[in-house]
Amino acid sequence: MDLDGRRESTNVEDRRGMSGGTKFGLGGGIMGIIIALVAMFMGGGDLGSILGQMGQMGGGITMQESTDNNGQPVEFTQEEQELASFSKKVLGGTEDIWSQIFEQQGLGEYKNPKMVLYTGSTSTACGQGQAAMGPFYCSGDQCLYIDLSFFSSMEQQLGAGGDFSYAYVIAHEVGHHVEYLTGVLQQIHSKMARYGQGSAQANKESVRIELLADYLAGCWAHYDNQRFKSMSDGDLEEAIKCAQKIGDDYLQKRAQGYAMPESFTHGTSDQRMRWFKAGYQVGDVKAGINTAMQQDYSQL
Ligand SMILES: [Zn+2]
């Protein structure tokens, strides 16, 4: 992916190095980590739907850029700095592209979300966010929460590395923000609440919202490449390979040897690859929303 000369978004809050309260440790062995990691990008889409608690929480932390809880400056490795800059550029691109798409496709005014970079754990309007959940979007404060170490976990544990895969992760979360702005996320969440969290029916609704976020990430890729020539040879394949490795069936088989379709919340590898690709090829937001919302579940 070529981001040379691209601007960094300023809608970013850097909480890295600040402890969000609870000390956080990864437990449960490697497989536990993998399942937990994909729980949000990949699981939930909105932290509120998982924790079942909405509304403003906590606060109480004074935000200061690049200092730890004791006010000491936090030093980042060059790799960490590069990843942060990369993420800010990708987010900046989503701002430009989604403003353009909203205008061109008659979707109203696009309002930028905020991206919060954090390490370990942080408070959000949807409850306490933890890195093990993977990147997630909270509609309560319209923020994307990302612990950048997720990207190296993707590469090391899932073999789904590469800059375009990382951009796809960010674009997927922005996709949930687009769902929020278009009202789709709220519709699905109220359905899920009626069915009961974790029920087979609620899980099916979750799959709809996740496949749509993949489709919307594909739409972003289509227009970002058209406008900025951002994609290099192999990038599309890299994102599709990433989508394949975060399919529910793939991850469950890998973790426990078998897959339980009624517990899928994000869609199969095949579905995630198809929806991302369709978004990339078609680029029509309303068409994607209509299909995701109205199509019979077995046809998704
Ligand atoms: Zn998601």
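A residue counts as buried when its relative accessible area is under 20%, as exposed when that area is over 50%, and as partly exposed in between. The exercises below apply this cut-off, among other things, to a predicted model.

**Exercise 1. Determine which way the side chains of strand β1 point, and whether they are buried or exposed.**

Solution. Begin with the two directions: V12 and D14 point one way from β1, whereas E13 and R15 point the other way. Next apply the cut-off of under 20%, by which all of these residues, on either side of the strand, are buried. The setting is a protein chain of 300 residues, of which buried residues make up 53%, and its secondary structure comes to 11 helices and 6 strands.

**Exercise 2. Work out the order of the strands in the open sheet of 4 strands, and which of them stand at the edges.**

Solution. Strands of a sheet pair through backbone hydrogen bonds, either parallel or antiparallel, and the pairs can be taken one at a time.

- Step 1: β1 (residues 12-15) is joined to β2 by 4 bridges, and the two strands run parallel; V12 has M115 of β2 as its bridge partner, while D14 has L117 of β2.
- Step 2: β2 is in turn joined to β6 (residues 143-146) by 4 bridges, again with the strands running parallel, and M115 has L144 of β6 as its bridge partner.
- Step 3: β5 and β6 run antiparallel and are joined by 3 bridges, with L144 of β6 as the bridge partner of Y137.

Put together, these pairs give the order β1-β2-β6-β5 with mixed pairing. Since β1 and β5 (136-138) each have a single partner strand, they stand at the edges, and therefore one side of each is left without a neighbour in the sheet. From one strand to the next the twist averages 20°.

**Exercise 3. Explain why strand β2 is described as largely enclosed by the rest of the structure.**

Solution. The argument rests on a count over the strand, residues 114-118: because 4 of its 5 residues are buried, β2 is largely enclosed by the rest of the structure.

**Exercise 4. Follow the chain from helix α3 towards β2, and state where N112 is found and which residues it touches.**

Solution. Helix α3 (residues 78-104) has 27 residues, and the reach from its first C-alpha to its last is 39 Å, close to the 39 Å expected at 1.5 Å a residue. The helix is followed by G106, whose phi is positive, near 60°. N112 lies in the loop between α3 and β2 and has a relative accessible area of 37%, so it is partly exposed. Leaving aside residues up to four places away in sequence, N112 touches N11, E95 and H177. Although N112 and N11 are 101 residues apart along the chain, their C-alpha atoms are separated by 7.6 Å. For the protein chain as a whole, residues 24 or more positions apart account for 78% of the contacts with a separation of 6 or more.

**Exercise 5. Describe how helices α5 and α7 cross, and what kinds of residues make the contact.**

Solution. Two packed helices are described by the angle between their axes and the distance between the axes. For α5 (residues 163-181) and α7 (residues 200-228), the axes come within 7 Å and cross at roughly 115°, and the crossing is right-handed. The residues making the contact include F164, Y168 and H172 of α5, and L212, L216 and W220 of α7. Sorted by type, the residues of this contact divide into 12 nonpolar, 3 polar and 3 charged.

Terms used. Residues numbered from 1 in each chain as written. Predicted model: local features only at pLDDT ≥ 70, side-chain atom pairs only at ≥ 80, totals over all residues. Heavy atoms only, no water. Axes fitted to C-alpha atoms, helices over the stretch in contact; angles between N-to-C directions. Left-handed = near helix turned anticlockwise from the far one by under 90°. Contact = heavy atoms within 4.5 Å. Nonpolar A, V, L, I, M, F, W, Y, C, P; charged D, E, K, R; others polar. Expected span 1.5 Å × (residues − 1). Buried < 20%, exposed > 50% of the residue type's maximum accessible area, 1.4 Å probe, protein only. Pairing = 2+ DSSP bridges.
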